[in-house]
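These notebook entries record what I looked up in one structure. I began with the fold as a whole and then went through the strands and two loop residues.

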Amino acid sequence: MLIETEATPNPATLKFLPGRAVMDAGTRDFATPEEATASPLAEAIFDLGDVTGVFFGRDFVSVTIAPGITWADVKPDVLGILLDHFSANMPLFRQGSADFAVPVEEESFADDPADADIVAQIRELIETRVRPAVANDGGDIVYRGFDKGKVYLRMQGACAGCPSSSATLKNGIEQLLRHYVPEVTEVRAV
């Protein structure tokens, strides 16, 4: 089995491509070792000690390392863990713990029912235009809400903490949404 790697715009995050599906549906972001207990794979990667984030996408795993750590020190260990996991066809999650994308209590803000058409347009653009592009960079963006012209998004994986994420939000996503949905005045990360 060959696992390819790709750099992401976030220098602390590397994207690992095992050449097969990682998630059948959705995404899963692990920001702490405690969250990683839901997945034997994420837990093993966090156990390396120099890891601050693990993200599962459709066909990739993104790993974020701590400041001051170099990929030369961590990459061989991460590759070994991934190779062992995928070669043995081990389960990605422990039974009953496969929370996808955003934990239930954080799924979204309460959208005003009067804004239903606007929210549908925003969600459609995010799903068809934004998420595929962001997944190419090893991350994900999840819709969290729309209120008085402001769109709230949660950045995950390589996007969370990326130096260029604010530029992506303002120069990319905000411009796209404002172009197609005139009611959008601003995009904010939460």
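**Entry 1. Secondary structure.** I counted the elements of the chain and found four helices and eight strands. The model is a predicted one. Reading from the N terminus, I noted the order β-β-β-α-β-β-α-α-β-β-α-β.

**Entry 2. Overall dimensions.** I took the extent of the C-alpha trace along its principal axes, which is about 50 × 35 × 25 Å. I then compared the radius of gyration with the value for a compact globule: for 190 residues this would be near 16 Å, and the chain has 17 Å, which agrees.

**Entry 3. Burial, contacts and surface.** I looked up the buried share and found that it is 44% of the 190 residues. Among contacts with a separation of 6 or more, 61% link residues 24 or more positions apart. I recorded an accessible surface of about 9600 Å² for the chain, and carbon and sulfur atoms account for 52% of that area.

**Entry 4. Charges.** I listed 16 positive and 29 negative side chains in the chain. The centres of these two sets are 4 Å apart.

**Entry 5. Strands β1 and β2.** I turned to the N-terminal hairpin, in which five residues lie between β1 and β2. Strand β1 covers residues 4-7 and pairs with β2 over four bridges in the antiparallel sense. One pairing I noted here is Glu-4 with Leu-17 of β2.

I next asked how many residues of β2 are buried. In this strand, residues 13-17, five of the five are buried. In a regular strand, side chains point alternately to one face of the sheet and the other. I therefore checked the two sides of β2 separately and found both covered, with Thr-13, Lys-15 and Leu-17 buried on one side and Leu-14 and Phe-16 buried on the other.

**Entry 6. From β2 to β5.** I followed β2 to its pairing with β5, where four bridges join the two strands in an antiparallel arrangement. Phe-16 has Val-61 of β5 as its bridge partner.

**Entry 7. Strand β4 and its partners.** I asked why β4 may be called largely enclosed by the rest of the structure. Five of its six residues (residues 51-56) are buried, so the description holds; buried here means under 20% relative accessible area.

I then traced the pairings of β4. Strand β3, residues 28-30, runs antiparallel to β4 and is joined to it by three bridges. In this pairing Arg-28 stands opposite Phe-56 of β4. Strand β5, residues 61-65, is also antiparallel to β4, with five bridges between them. Val-51 has Ile-65 in β5 as its bridge partner. I noted further that β4 and β5 make a hairpin, with four residues between the strands.

**Entry 8. Strands β6, β7 and β8.** I looked up the burial of β7 and found seven of its eight residues buried, so that I entered the strand as mostly covered. Eight bridges connect β6 and β7, which pair in the antiparallel sense. Gly-139 has Gly-157 of β7 as its bridge partner.

I asked in which sense β7 pairs with β8, parallel or antiparallel. Strand β8, residues 186-189, pairs with β7 in the parallel sense over four bridges. Within this pairing I recorded Lys-150 with Glu-186 of β8.

**Entry 9. Positive phi values.** I searched the backbone angles next. Most residues other than glycine have a negative phi. I noted Asn-89, a residue other than glycine, with a positive phi near 50 degrees. Asn-89 sits in the loop between α2 (71-87) and α3 (116-136).

I also noted Lys-148, whose phi is positive and near 50 degrees. This residue lies in the loop between β6 (139-147) and β7 (150-157). That loop belongs to the hairpin of β6 and β7, which has two residues between its strands.

**Entry 10. Exposure of the two loop residues.** I asked whether Asn-89 is buried or exposed. Its relative accessible area is 56%, which means that Asn-89 counts as exposed, the cut-off being over 50%. I made the corresponding check for Lys-148, and at a relative accessible area of 70% this residue is exposed.

Key. Residues numbered from 1 in each chain as written. Predicted model: local features only at pLDDT ≥ 70, side-chain atom pairs only at ≥ 80, totals over all residues. Heavy atoms only, no water. Rg over C-alpha atoms; globule rule 2.2 N^0.38 Å. Buried < 20%, exposed > 50% of the residue type's maximum accessible area, 1.4 Å probe, protein only. Contact = heavy atoms within 4.5 Å. Areas by Shrake-Rupley, 256 points an atom, 1.4 Å probe, with all protein chains shown as cover. Lys, Arg positive; Asp, Glu negative; His and termini not counted. Charge placed at Lys NZ, Arg CZ, Asp CG, Glu CD. Pairing = 2+ DSSP bridges.
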